[in-house]
Amino acid sequence: MLLSVVVGSTSFEDIRTINGITYHSFREAYIALNLLQEDEEPETLWEKHIYSLCDDILFQTCCNTRNMALELRDTDIQNRALLHLQSILNKHERCLEEFLYMSIPIADTNTEQDNYLIREEQQYNIEELAEIIEKELPCLNVDQRAIFDEVIAAIETKTPAVFFVDGPGGTGKTFLYK
Ligand SMILES: Nc1ncnc2c1ncn2[C@@H]1O[C@H](COP(=O)(O)OP(=O)(O)OP(=O)(O)O)[C@@H](O)[C@H]1O
């Protein structure tokens, strides 16, 4: 982002130089450019956005459990929101524990919640996925459709299965996976 603001830079130092002052870090350069407020520490952002994030988490949990009347305690929703942030950070090999003032989520008593891969699988936005399928399903070619049908059949019949999709590059494996 700095590159799009500090045009014509030819070195990392150039990027950190704003109005003739070379800042020690990119973060300081961001602040000098008003791209980042000084008080926007992770915990400040968390405090600022906690309610909207929790609203989203509750809504998604209601959709996923197909129970729009689901009631969760505020502390549970906040814990889920923190688990969600933890998932995002884990993907980048980071964690909430790195931030001194951030709360640390309590692992759900359901041990599956400890595994961010499983948690992620449970956090899909089902309605959004249904819309994508409605739009994209007719685009699948014959082979992709055969695989799709087999996977869906296993899910619908609750048949435990592991699928391995192989094929030359560019033949649509990622397209099918998405
Ligand atoms: N059924 C389809 N309809 C339209 N476009 C498709 C379809 N399947 C694949 N594509 C397009 O073809 C291109 C290659 O597909 P994709 O990236 O899924 O291949 P891949 O097998 O995952 O490749 P690689 O092994 O190199 O990662 C992409 O641009 C994708 O959007």
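Q: Is I15 buried, exposed or partly exposed, and why?
A: Count the C-beta atoms around a residue. A residue is buried if 20 or more other C-beta atoms lie within 10 Å of its own, and exposed if 12 or fewer do. In this predicted model, I15 has 17 other C-beta atoms within 10 Å, so I15 is partly exposed.

Q: In which helix is I15 found?
A: I15 belongs to helix α2, which covers residues 12–15.

Q: Which residues does I15 touch, beyond those up to four places away in sequence?
A: Skip the neighbours along the chain, then list the rest. For I15 that leaves L2, L3, V6, S9 and A29.

Q: How far apart are I15 and S4 in space?
A: Sequence and space are two separate readings. I15 and S4 are eleven residues apart in sequence. In space, their C-alpha atoms lie 9.8 Å apart.

Q: How many helices and strands does the protein have?
A: Its secondary structure has nine helices and two strands. Next, read the order along the sequence: α-α-β-β-α-α-α-α-α-α-α.

Q: What share of the protein's residues count as buried?
A: Apply the burial count to the whole protein. Of its 178 residues, 7% count as buried.

Q: Which residues make up the largest nonpolar core?
A: Look for buried nonpolar residues that are joined to each other. Here the largest such core has six residues: C54, I57, I77, A81, L82 and L83. Helices α4 (42–64) and α5 (74–91) each supply at least two of them. The most come from α5, which gives four residues.

Q: What is C54 in contact with, leaving aside its neighbours within four places in sequence?
A: C54 contacts I77, Q78 and A81.

Q: What share of contacts between residues at least 6 apart join residues at least 24 apart?
A: Sort the contacts by separation along the sequence. In this protein, the share is 43%.

Q: Which residues are around the ligand?
A: List the shell in sequence order. It holds C139, L140, N141, Q144, G167, G169, G170, T171, G172, K173, T174 and F175. Then sort the shell by class: three residues are nonpolar, eight polar and one charged.

Q: Which helix gives the largest share of that shell?
A: Helix α9, residues 173–177, gives the largest share, with three residues.

Q: What does UniProt list for residues 139–178?
A: A record adds a label to a span. The unreviewed UniProt entry lists these residues as "domain: DNA helicase Pif1-like DEAD-box helicase". In the model, residues 139–178 are 50% helix and 0% strand. The end C-alpha atoms of the span lie 13 Å apart.

Definitions and conventions. Residues are numbered from 1 along each chain as its sequence is written. This is a predicted model: local features need pLDDT of at least 70, side-chain atom pairs count only at pLDDT 80 or more; totals for chains, interfaces and linings use all residues. A residue is near a molecule or strand if its C-beta atom, placed from the backbone, lies within 6 Å of it. Ala, Val, Leu, Ile, Met, Phe, Trp, Tyr, Cys and Pro count as nonpolar, Asp, Glu, Lys and Arg as charged, and the others, Gly among them, as polar. UniProt positions are given in the numbering used here, feature names are shortened, and annotations may be inferred rather than shown by experiment. A nonpolar core is a set of buried Ala, Val, Leu, Ile, Met, Phe, Trp, Tyr and Cys residues joined through C-beta atoms within 7 Å. Two residues are in contact if their C-beta atoms, placed from the backbone, lie within 7 Å.
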